[in-house]
Amino acid sequence: MTGPAASDEALTRAIRDGDMDAFDVLYARYEVRLFAYVRRFVDDRGRAEDIFQDVFMAVLRDRTFDPARGRFAAWLFTVARNRCRMEHRKGSRESRALDALPRPAEASEPAYAEADQVRRAMDALPDGQRQLLLLKQVAELTYREIASVLGVAEGTIKSRLHAATVAFRAQLAKGETP
Amino acid sequence: MNCDDALQKLTDHHHETLGPEDAVAVADHLGRCGECAQAYCRLQAQLRGIGAAYAERPSVDVRRALRAKAKAEFAPKPTRKVLAFLRRPIPAYGAALAAAIPLAAWLGARPASVEPTPEAGANHAPAPARIHDYDATVPLLDRNVS
């Protein structure tokens with residue numbers, strides 16, 4: 001089954017068997033989540049698109065991943081994270097001014113805070129907390145998947161996420177104060 | 001549960017990391033307290049705001065290029081299609097089908113039964129039918145039959 005209800009793992013197997021309908025479903029599922037995540041690391045949109053393609057193909061191509069055993073999302077974002085860190089090390093991403101932050105192509109739902117306020121609050125967080133919130137709110141991963149990506153215990157993720165959320169809200173409140 | 005306790009636990013309630021008892025208590029409190037419910041909505045909106053602030057889609061060309069790459073790499077070639085067909089698992093009724101093949105071959109190869117020709121019928125008249133346990137010389141017991 002490769003319809004919209006199919007699991008990521010089933011879709012991966014189907015793509016490897018040449019089913020392009022499965023590709024369309026899987027791509028639509030991760031298009032925004034993965035690209036938004038990659039974009040946090042890479043300023044240049046064109047470069048981000050290249051990395052996005054590389055990561056997606058690498059995951060489909062790598063036969064060491066057995067879809068029957070592993071979680072696709074955790075694997076995809078682990079590859080993406082490593083790839084982005086490599087890119088970061090190469091120096092493609094310097095600490096950027098807030099004004100130079102990329103603007104979203106579209107906002108998928110109405111948000112309470114202005115996008116700029118949210119980005120400022122996120123950028124003020126330590127890297128670990130920002131990563132955690134991105135993986136939860138942008139990549140929409142489960143605790144187990146986040147734990148797999150970051151290589152820590154699930155319980156640790158829960159407590160760190162609590163701290164990250166509190167810190168994010170505190171930063172947001174600072175930004176709202178005139 | 002009072003408002004202070006509920007507000008303390010809102011974040012964990014949102015992330016679904018509370019124990020079952022606490023989760024029920026917070027949900028119950030939110031159902032009764034408008035102020036805390038409002039604070040909870042505010043928290044949810046702020047966290048949704050992260051996703052919305054960063055939502056970004058790659059260009060259509062990326063999708064097209066990626067699809068073409070995947071197709072080139074994974075779409076089955078004609079030889080692979082034939083191999084895949086040959087490697088398909090035999091269905092459960094395969095054994096029955098396999099047994100039916102020699103049976104069909106035997107039925108096809110069996111000579112048709114010989115029909116008697118009219119000439120053959122003239123030379124060899126069929127013997128009259130014989131009735132067993134009947135003797136015409138023995139008078140019928142009942143002659144009243146009209």
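**Notebook: chain A and its contact with chain B**

I began with the elements: chain A has eight helices and zero strands. Read from the N terminus, I get α-α-α-α-α-α-α-α. I note that the model is predicted.

Confidence came next. I found an average pLDDT of 81 for chain A. A score of at least 70 is reached by 81% of the residues. Where does pLDDT stay under 50 in chain A? I located residues 92-113. For that stretch the model has 46 contacts beyond four places in sequence. I keep those contacts on record together with the pLDDT under 50.

Then I looked up burial. Chain A has 178 residues, and 36% of them count as buried.

I also checked how contacts spread along the sequence. I took the contacts in chain A between residues at least 6 apart. Of these, 62% join residues at least 24 apart.

Last, the contact between the chains. How many residues does each chain give? I have 43 from chain A and 32 from chain B. Which elements of chain A give two or more residues to the side that touches chain B? I listed helix 1 (8-16), helix 2 (20-39), helix 3 (45-61), helix 5 (115-123), helix 6 (127-138) and helix 8 (154-176). Helix 2 of chain A supplies the largest share, eight residues.

I sorted the residues on this side of chain A by character. The side that touches chain B holds 26 nonpolar, six polar and eleven charged residues.

Definitions and conventions:
Residues numbered from 1 in each chain as written. Chains lettered and ligands numbered in written order. Predicted model: local features only at pLDDT ≥ 70, side-chain atom pairs only at ≥ 80, totals over all residues. Helix = DSSP H or I, 4+ residues; strand = E, 2+ residues; numbered from the N terminus. Buried ≥ 20, exposed ≤ 12 C-beta atoms within 10 Å, placed from the backbone. Contact = placed C-beta atoms within 7 Å. Nonpolar A, V, L, I, M, F, W, Y, C, P; charged D, E, K, R; others polar. pLDDT = per-residue confidence, 0-100.
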